[in-house]
Amino acid sequence: MNCFIGADNVSCKLLVEFVAKSSSVNLFGTFSDSVFLKDQLSKRHDIDLFFLDFEVLGMDCLDFINNLDYKPNIIIISSSDQSALKTFDISFIDYLLKPVTYSRFCRAIDKAKRYYSRKDVNNSADNKIFIKYESSYIKMKLKDIICIEAFENNITLTTCNKKFDIHFTLKDLENQLPSEIFIRVHRSLIVNKRMIRTIHEDSLDLVIGNTLKNFPVGRTFKDLLLNEIDVMAE
C-alpha cells in the first residue's frame, strides 16, 4: 500500500519510523500544509492510505478527500476521542489517539490491509472463466461460483441455479482460482468465501439461491479458514 502522512512534526516523525518497519506500506510523502496536500491528492491516483492528523489538517481536508473520485483509505490521528467526529458524514477506517504506539499502528495497518484486499476481491470477482461442459465452453463470473466438490477425477461446480460436472482435478483448479475469493475447507471441497453464512464446529453453511446447504470442514483446514475471515470475538 502506498501512503501519505499529514501530521504535526512529532507525530509525523513517529509514523515515518513505524512505516519504515512495515513491509506492506510504502511512504510517498509527508505534509502539514493542506493546500499542498490537496494539490498532490488531485494529481495522484496511486495513494491507497492516508494518515490524517485532525488537529493539523481538519475537516476541510476530510471533506476534500471524501469527494475525490479516487479515495485513499483514511486513518484519523487525534489527541482527543472520536466522539466529535461521529456527527459528521465522513468515512475513515481507524482512529489513532496520540501518542501513537507501534502496536496500535500495526493493528491499524492490518485493518487497512483488509479493506485494501476487499477492493481486490471486488475486482477479481468480476473476472470470468470458461468452463468446458460436455462439448461446449460456458463463460461465467467467478463470483457466481458457490463451491467446487471433488469426486474421484471429476469435480462438480455449483452456481446459484445449476451444477456442472467437469473432468478435472480439484488440485489443478485450486491453483487457477484467486485465493482472495476461494478457499479450500476440506480435501474434497473449495468454497466461495462470500457465500459462507455460518461456521460450525466441523461444518459450514453456504448460501445457494434461497437456501442454506451444510458442508463438512476438515480439521486441518478450519484454522486457515478462520484466519481468512473477520472474526469478532472476546
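**Exercise 1. Is Leu 41 buried or exposed?**

Solution. The model is a predicted one.

Step 1. Locate the residue: Leu 41 sits in helix α2, which spans residues 34-43.

Step 2. Apply the cut-off: a residue is buried when its relative accessible area is under 20%. Leu 41 has a relative accessibility of 4%, so it counts as buried.

Step 3. List what touches Leu 41. Leaving out residues up to four places away in sequence, these are Phe 4, Phe 64, Ile 65, Leu 68 and Pro 72.

Step 4. Take one of these partners, Phe 4. Along the sequence Leu 41 and Phe 4 are 37 residues apart, and their C-alpha atoms are 9.2 Å apart in space.

**Exercise 2. Describe the chain as a whole.**

Solution. Step 1. Count the elements: the chain has 6 helices and 15 strands.

Step 2. Consider burial. Of the 234 residues in the chain, 43% are buried.

Step 3. Consider the surface. About 13,700 Å² is exposed by the chain, and 48% of this comes from carbon and sulfur atoms.

Step 4. Consider the contacts with a separation of 6 or more. Residues 24 or more positions apart account for 47% of them.

**Exercise 3. Which residues have the most contacts inside the largest nonpolar core, and which elements give two or more residues to it?**

Solution. Step 1. The largest nonpolar core holds 20 residues. Those with the most contacts inside it are Ile 5, Leu 15, Leu 49, Phe 51, Ile 75, Phe 105 and Ile 109.

Step 2. Two or more residues of this core come from each of β1 (2-6), α1 (9-21), β3 (49-53), β4 (73-78) and α4 (102-125).

Step 3. Look at Ile 5 in detail. With neighbours within four places in sequence set aside, Ile 5 is in contact with Cys 12, Leu 15, Val 16, Val 19, Leu 27, Gly 29, Thr 30, Phe 31, Phe 50 and Phe 51.

**Exercise 4. Trace the pairing of strand β8.**

Solution. Step 1. Strand β8 covers residues 147-151, and 4 of its 5 residues are buried.

Step 2. Find the pairing with β9. Strand β9 (residues 154-158) pairs with β8 in the antiparallel sense over 5 bridges. In this pairing Glu 149 stands opposite Thr 156.

Step 3. Examine the turn. β8 and β9 form a hairpin with 2 residues between them, and Glu 152 in the turn has a positive phi of about 55°.

Step 4. Find the pairing with β12. Strand β12 (residues 189-192) runs antiparallel to β8 and is joined to it by 3 bridges. Here the bridge partner of Glu 149 is Leu 189. Glu 149 thus has Thr 156 opposite it in β9 and Leu 189 as its partner in β12.

**Exercise 5. What is the strand order of the open sheet of 3 strands, and which strands stand at its edges?**

Solution. Step 1. The order is β13-β14-β15, with antiparallel pairing.

Step 2. β13 (196-199) and β15 (211-216) each have a single partner strand, so one side of each is left without a neighbour in the sheet. These two strands are the edges.

Step 3. On average, neighbouring strands of this sheet are turned by 25° against each other, direction ignored.

Step 4. Follow β13 into β14. The two strands are joined by 3 bridges and form a hairpin with 3 residues between them. Thr 198 has Asp 205 as its bridge partner in β14.

Step 5. Follow β14 into β15. Strand β14 (residues 203-208) pairs with β15 over 6 bridges. Val 207 stands opposite Leu 212, and Ile 208 has Thr 211 as its bridge partner. The hairpin has 2 residues between its strands, and Gly 209 in the turn has a positive phi of about 65°.

Step 6. Check the cover of β14. Ser 203, Asp 205 and Val 207 are buried on one side, and Leu 204, Leu 206 and Ile 208 are buried on the other.

**Exercise 6. Which residues of helix α6 are buried, and why do they line one face of the helix?**

Solution. Step 1. In α6 (residues 219-228), the buried residues are Phe 221, Lys 222 and Leu 225.

Step 2. Viewed down the axis of α6, the buried residues fall within an arc of 110°, so they line one face of the helix.

Step 3. On the other side of α6, the exposed residues are Thr 220, Asp 223, Leu 224 and Asn 227.

Step 4. The buried residues of α6 pack against β11 (182-186), β13 and β14.

Note on methods. Residues numbered from 1 in each chain as written. Predicted model: local features only at pLDDT ≥ 70, side-chain atom pairs only at ≥ 80, totals over all residues. Heavy atoms only, no water. Core = buried A, V, L, I, M, F, W, Y, C linked by side-chain atoms within 4.5 Å. Buried < 20%, exposed > 50% of the residue type's maximum accessible area, 1.4 Å probe, protein only. Helix = DSSP H or I, 4+ residues; strand = E, 2+ residues; numbered from the N terminus. Contact = heavy atoms within 4.5 Å. Areas by Shrake-Rupley, 256 points an atom, 1.4 Å probe, with all protein chains shown as cover. Pairing = 2+ DSSP bridges. Axes fitted to C-alpha atoms, helices over the stretch in contact; angles between N-to-C directions. Arc of directions from axis to C-beta.
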